[in-house]
Amino acid sequence: MFTSTGVYYYGSNWLIIKVDDSEISRYYRKLHSMYSYGVNILKPPMHSHITIISKYCEKPPEYFEKKYDGQAVEFSYNLQAGVCETYVWLPVVCEHAQFLRDELGLGQPFYPFHLTIGNRK
């Protein structure tokens, strides 16, 4: 497990952790490309982030007090990439993010915390 930091950010329908080190995603996109001999080139996400609350799975964060906006948070990530049809990600452990979800009464996220490193769109 490796650690990094980010900052909580409330969007119009999301709560995310914007990752300070966008080089993490760039580095693992390059490794993914090299592993597939350059056949699977991933497009970068708009910005490196970890989704805490998603408008697709639960109430938008606009209904919650935004007391953590801009607060720094530390997280750990695993090097074993997850893959679905479109996205490639790294699993993330962030105890404070889970604390925040529990505080809001949301429990576990629909999709486990992860750092999206790229997509095949």
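**Exercise 1.** In this predicted model, find which residue lies over the face of Tyr-9, and at what distance from the ring centre.

*Solution.* Start from the ring of Tyr-9 and look along its normal. The residue over the face is Lys-18. Its distance from the ring centre is 4.2 Å. A charge counts as sitting over a ring when NZ of Lys is within 6 Å of the centre and within 35 degrees of the ring normal.

**Exercise 2.** Classify the ring pair of Tyr-27 and Tyr-28 as stacked, tilted or edge-to-face, and state whether each residue is buried or partly exposed.

*Solution.* The structure has six aromatic pairs. In the pair of Tyr-27 and Tyr-28, the ring centres are 5.0 Å apart and the planes meet at 80°. Planes over 60 degrees apart count as edge-to-face, so this pair is edge-to-face. Next, take the accessibility: Tyr-27 has a relative accessible area of 49% and is partly exposed, whereas Tyr-28, at 13%, is buried. Both tyrosines belong to one aromatic cluster with Phe-2, Phe-75 and Tyr-77.

**Exercise 3.** Locate Ser-33, decide whether Ser-33 is buried or exposed, and list what Ser-33 touches beyond four places away in sequence.

*Solution.* Ser-33 is in helix 1, which covers residues 23–35. Its relative accessible area is 14%. Buried means under 20%, so Ser-33 is buried. With residues up to four places away left out, the contacts are Gly-38, Asn-40 and Ile-41.

**Exercise 4.** Place Lys-66 in the chain and give its C-alpha distance to Thr-3.

*Solution.* Lys-66 is in the loop between strand 3 (49–53) and strand 4 (72–77). With a relative accessibility of 41%, Lys-66 is partly exposed. Lys-66 and Thr-3 are separated by 63 residues in sequence, and their C-alpha atoms are 25 Å apart.

Notes:
Residues are numbered from 1 along each chain as its sequence is written. This is a predicted model: local features need pLDDT of at least 70, side-chain atom pairs count only at pLDDT 80 or more; totals for chains, interfaces and linings use all residues. Side-chain values use heavy atoms; hydrogens and water are left out. Helices (H or I, at least four residues) and strands (E, at least two) are DSSP runs, numbered from the N terminus. Buried means under 20% relative accessible area, exposed over 50%, partly exposed in between (1.4 Å probe, protein chains only). Contact means heavy atoms within 4.5 Å. Rings of Phe, Tyr and Trp (its six-membered ring) pair if their centres lie within 6.5 Å; planes under 30 degrees apart count as stacked, over 60 as edge-to-face and the rest as tilted.
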